[in-house]
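Me: I've got a fold on my screen and I'd like to learn how to read it. Could you walk me through it, one feature at a time?

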Amino acid sequence: MAFGRSSRGAMHAVSPVEPLTLKILVAGGFGAGKTTLVGAVSEIRPLRTEESLSEPGAGIDDTGGVEGKNTTTVAMDFGRITLREDLVLYLFGTPGQDRFWFLWDELAQGALGAVVLADTRRLADCFAAVDYFERRGIPFTVAVNCFDGAERHPVVHVREALDLDPGVPVLLCDARDRESVKDVLVGVVEHAMSTARARRRSLTAGT
């Protein structure tokens, strides 16, 4: 327990500082590893809304390149991680298929920033997420999930293929590895905070 000294010299307990809580979205295409990422880093048992892929969805869900995938997120994933004693992140993983995009607006409310998880085997699948966050002015970082056996591409090539603005960070990661995911989340928070400061300076300069 922490203690502080009162004006009279007596010791008294100091109430712990309430941590800052931030909401981060984890988006990307079908099978990019969003559920894996949230589960790898969450300090609580993650909430998952996965269902088995069914025959009715066979003509809708494109499993090319991810043929081994047999489940899909139908609402969201949820997890929590304490980055520092005074900073807690709540992670909301979005569903990847087109038919569940109506949920994104609800999940995006109050979000500080986002991770767009990219799979270079199906890079076009994350275009929709990139467009979504660009249109709504939500700062995001692209994290390239380095799958076993997948061809590795230089970051500059991924940036060019996604036609990203120069200020959007692109990182390589392993969605199964806790430390790798933590590095991505730190990068998202830093980028979002930097973007917010720049916007405030711009507004101040314009008034």
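What follows is a back-and-forth on confidence, layout, cores, a helix face and charged pairs.

Me: Before I zoom in anywhere, how far can I trust the coordinates?

Reply: Start with the confidence, since this is a predicted model. Where pLDDT is low, the predicted coordinates should not be read in detail. Here the chain averages a pLDDT of 83, and 76% of the residues score at least 70.

Me: Which elements have the lowest and the highest confidence?

Reply: Strand β1 (residues 3–5) is at the bottom with a mean of 36, while β9 is at the top with 98. Below 50 is where you'll find the pLDDT over residues 1–12, a stretch that still has 16 contacts in the model beyond near neighbours in sequence. I'd skip the fine print there.

Me: OK, what about the overall layout? How many helices and strands are there?

Reply: Five helices and 10 strands. The chain has 207 residues, of which 42% count as buried. Take contacts between residues at least 6 apart in sequence: 69% of them join residues at least 24 apart.

Me: Where should I look for the hydrophobic interior?

Reply: The general idea: in soluble globular proteins, nonpolar side chains tend to be buried together. In this case the largest nonpolar core has 26 residues, and those with the most contacts inside it are L25, V116, F133, F140, V142, L162 and L164. At least two residues of this core come from each of β3 (20–28), α2 (104–108), β8, α3, β9 and α4.

Me: Which of those elements gives the most to this core?

Reply: That's α3, with four residues. For a view from inside, click on V142: leaving out residues up to four places away in sequence, it touches V116, A118, L162, L164, V168, P169, V170 and L171. Apart from this core lies another one, of 23 residues, including L22, V181, V189 and A192.

Me: How do I read the faces of a helix?

Reply: An α-helix has 3.6 residues a turn, so residues three or four places apart point the same way. Now try α1, where the buried residues are K34, T35, L37, V38 and V41. Because they cover an arc of only 165 degrees around the axis, they sit on the same side of α1.

Me: Next, charges. How many salt bridges does the model have?

Reply: The count is seven. One of them joins R80 and E43, with the closest N and O atoms 2.9 Å apart. This pair ties together distant parts of the chain, 37 residues apart: R80 belongs to strand β6 (residues 77–84), and E43 to the loop between α1 (34–41) and β4 (50–52).

Me: Are R80 and E43 buried or exposed?

Reply: In between. R80 has a relative accessible area of 28%, so it counts as partly exposed, and E43 is partly exposed too, at 36%. While you're in that loop between α1 and β4, look for R45. R45 is exposed, at 81% relative accessibility, and its C-alpha atom is 8.8 Å from that of R80, though the two residues are 35 apart along the chain.

Me: What does the R121 and D119 pair look like?

Reply: Their side chains meet in a salt bridge at 3.0 Å, N to O. The two partners are a nice contrast: R121 is partly exposed at 37%, whereas D119 is buried at 4%.

Me: And where is R122?

Reply: R122 is in the loop between β8 (113–118) and α3 (127–136). R122 has a relative accessible area of just 9%, so it counts as buried. The R122 side chain makes a polar contact with the side chain of D125, at 2.7 Å.

Me: Which residues are linked in a network of salt bridges?

Reply: D148, D174 and R176 are. Within that trio, the side chains of D148 and R176 meet at 3.1 Å, N to O. The D148–R176 pair also links distant parts of the chain, 28 residues apart, with D148 in the loop between β9 (140–145) and α4 (155–162) and R176 in the loop between β10 (170–173) and α5 (178–206). Relative accessible area is 58% for D148, so that residue counts as exposed, and R176 is exposed as well, at 51%.

Note on methods. Residues are numbered from 1 along each chain as its sequence is written. This is a predicted model: local features need pLDDT of at least 70, side-chain atom pairs count only at pLDDT 80 or more; totals for chains, interfaces and linings use all residues. Side-chain values use heavy atoms; hydrogens and water are left out. A salt bridge is a side-chain nitrogen of Lys or Arg within 4 Å of a carboxyl oxygen of Asp or Glu. Buried means under 20% relative accessible area, exposed over 50%, partly exposed in between (1.4 Å probe, protein chains only). A polar contact is a pair of N or O atoms within 3.5 Å; within protein, one must be able to donate a hydrogen and the other to accept it, and residues adjacent in sequence count only if both atoms are side-chain atoms. The arc is that of the directions from the helix axis to the C-beta atoms. A nonpolar core is a set of buried Ala, Val, Leu, Ile, Met, Phe, Trp, Tyr and Cys residues joined through side-chain atoms within 4.5 Å. Contact means heavy atoms within 4.5 Å. pLDDT is the predictor's confidence in each residue, from 0 to 100.
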